[in-house]
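Dear colleague,

Please find below the structure that I am handing over to you. My notes on its surface patches and aromatic pairs follow it.

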Amino acid sequence: MLRYLKDNDTILYILAVVLLIPALFANLGVLPFFVADDEATRVLVPLEMIYSGDYTTATVNGMYYYFKPALFYWVIAFFFNLTGSSSAFVARVPAVMFLLLMGLSIYYFAHKHYSRRQAAIMALAFVTSGRILFWESFFCMMDIPFSLLIFTMFMSIYHFHRKEQWYALFLVAYGLAAMAFLIKGLPALLFLGFTLLAYFIFTRTFQKLISLAHASGMLLFLTILTGYYLNYWLQNPDISVFTALWSESTGRYTDYGFADAFFSTLRFPFDMWVHFLPWTLFILYVFCRGFWREVRSDRFLGFCLLVFVVNIIPYWTAPGIYPRYILMLVPLIYIVFFHFYFRHHREYPVATRLLENVILSALALLALAVMALPFWDKTAGYEHVWLKTLSVFFFMIALIYLYGKLKSSRLILFILGLIAARLIFAWFIWPQRLPEVQPYKEDAVRVAEITRGKELNILGWITLHHGFSFYVAQERKEILPLVRDLSRTQLNTYYVVDAKSLENLREKGYREQVYHTFRAMDERHPVYLVKFLQYGENKHR
């Protein structure tokens, strides 16, 4: 077997892909929508689309939601309708599917310039980078499908530019950018503009930007967006749909002071390096001799580095940035890292030996950590804990053994170790958050049960987490509306109201009966489910 693997390690790559799929889906729906920022909004909007029957104008608590176009919400609503379920697992399945498609896209374009194994390493490295494997891939977020479209747009620009197929270049690039715009708005246009301008100047083909081919791409982009927004305008003629998109993008700069921006700019490189470990360790090889000479002589390599640099600058200089905003740029810099590793790692034996020892140490530590789980009081009682941990432990031991024997296969062996770590993480570590967030879901379900079949509103300017609204709406099979005006309260109608608003109403003479008291996520004070029994003194009857 060992001799076979030395001559043909393809089976290891196949095994990595086969194991990756169950690893990404394991315990995907175990946590409710109270963990990641924005995830609850991403599932509440499509749920309200289904209940209202209006797939054009997005709403949150029945009020127009302008901050993102609707394409991503249509995808989630499609999965809800297809499966007949709006569970956390169903909501998060599309994100995993888009992640796998992102890996395929990386492999497809990298394989045009590198061997199959090298392209596979580049693709699998992206999927198994720390931030993605142990965080982003657990959530229903729009950043992965957005990144898939933008990365494919980057590669299409290079591919068609090299062949001088200008109409295809601009039509495909603007078509993908339009789809990305309908997911996240203005950032898609910025990625497109920065990339076209930088690369066409760099390659001295700027004149092609002033051509009928470019005009055809722009016309396609405008046609798609005009069709979308004209349809929207017919349903809701409100300029806020445009101003909100602008404020959503520019707020990264305007909502922070100079000090925040300055220190964020200083921290950004290190923060991103940490988030996308372990593969960012391969930055060692960009310091090899002749780096710039090789970048200038390799057209594809130069393209990847140029596009990465020009598009990272807006994020580098903006505070309030999450790592998920730059997922489409990560494969570009990974291609640069691995290019120099594959070409030059034998020329730098000290650096290579150091890196390989770090990887070996990581595999050993992971194996030891796995065997600690049956003895940890928080995981000792988990179902099949010994079976799962022993299986993964012996798998890790086998990987460590092969790591010492198959020097040419060390990267894929490490990837297999990371995939095994994801399984362990999903089985035992990820559920540790459940006691922290499950009560929020239980309170929402309790409110829905008490009010089932009766009118229910959120009252006032309460900043309830959208996860609460999602689970109440899911249980009641209808939108949970928001009433901003406190004077519009009605007797014998259920309201969810915060302590401050309730106190304000009491001072005006309102009297209520409390049916449930709970502490909602993002609220510092208690929240109440009430019915008002008496109007205030100034209430119009």
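A residue is called buried when its relative accessible area is under 20%, exposed when that area is over 50%, and partly exposed in between. Because the relative accessible area of Trp 386 is 42%, this residue is partly exposed. Please note that the model is a predicted one.

Trp 386 lies in helix α18, which covers residues 385-405. Together with Phe 375, Leu 390, Phe 394 and Ile 397, Trp 386 makes a nonpolar patch of about 530 Å² on the surface.

The surface also carries a patch of positive charge, in which Lys 112, Arg 162, Lys 163 and Arg 299 come together. Of these residues, Arg 299 belongs to helix α15 (residues 299-316). Its relative accessibility is 40%, so Arg 299 is likewise classed as partly exposed.

Turning to the aromatic residues, the whole structure contains 59 aromatic pairs. One of them joins Phe 72 and Tyr 73: the ring centres are 6.2 Å apart and the planes meet at 70 degrees, so this pair is edge-to-face. Phe 72 is buried at 3% relative accessibility, and Tyr 73 is buried at 0%.

Trp 279 and Phe 282 form a tilted pair, with 5.7 Å from centre to centre and 35 degrees between the planes. Here, too, both partners are buried: Trp 279 has a relative accessibility of 0%, and Phe 282 has a relative accessible area of 1%. Ring pairs further connect Trp 279 and Phe 282 with Tyr 285, Tyr 334, Phe 338, Tyr 341, Phe 342 and Phe 414 in a cluster.

With kind regards

Technical notes:
Residues are numbered from 1 along each chain as its sequence is written. This is a predicted model: local features need pLDDT of at least 70, side-chain atom pairs count only at pLDDT 80 or more; totals for chains, interfaces and linings use all residues. Side-chain values use heavy atoms; hydrogens and water are left out. Patches are made of residues with over 30% relative accessible area and no salt bridge: like charges are joined within 9 Å, nonpolar side chains (Val, Leu, Ile, Met, Phe, Trp, Tyr) within 5 Å. Accessible areas come from the Shrake-Rupley method with a 1.4 Å probe; for residues, only the protein chains shown count as cover. A salt bridge is a side-chain nitrogen of Lys or Arg within 4 Å of a carboxyl oxygen of Asp or Glu. Lys and Arg count as positive and Asp and Glu as negative; His and the chain ends are not counted. The place of a charge is taken as NZ of Lys, CZ of Arg, CG of Asp or CD of Glu. Helices (H or I, at least four residues) and strands (E, at least two) are DSSP runs, numbered from the N terminus. Buried means under 20% relative accessible area, exposed over 50%, partly exposed in between (1.4 Å probe, protein chains only). Rings of Phe, Tyr and Trp (its six-membered ring) pair if their centres lie within 6.5 Å; planes under 30 degrees apart count as stacked, over 60 as edge-to-face and the rest as tilted.
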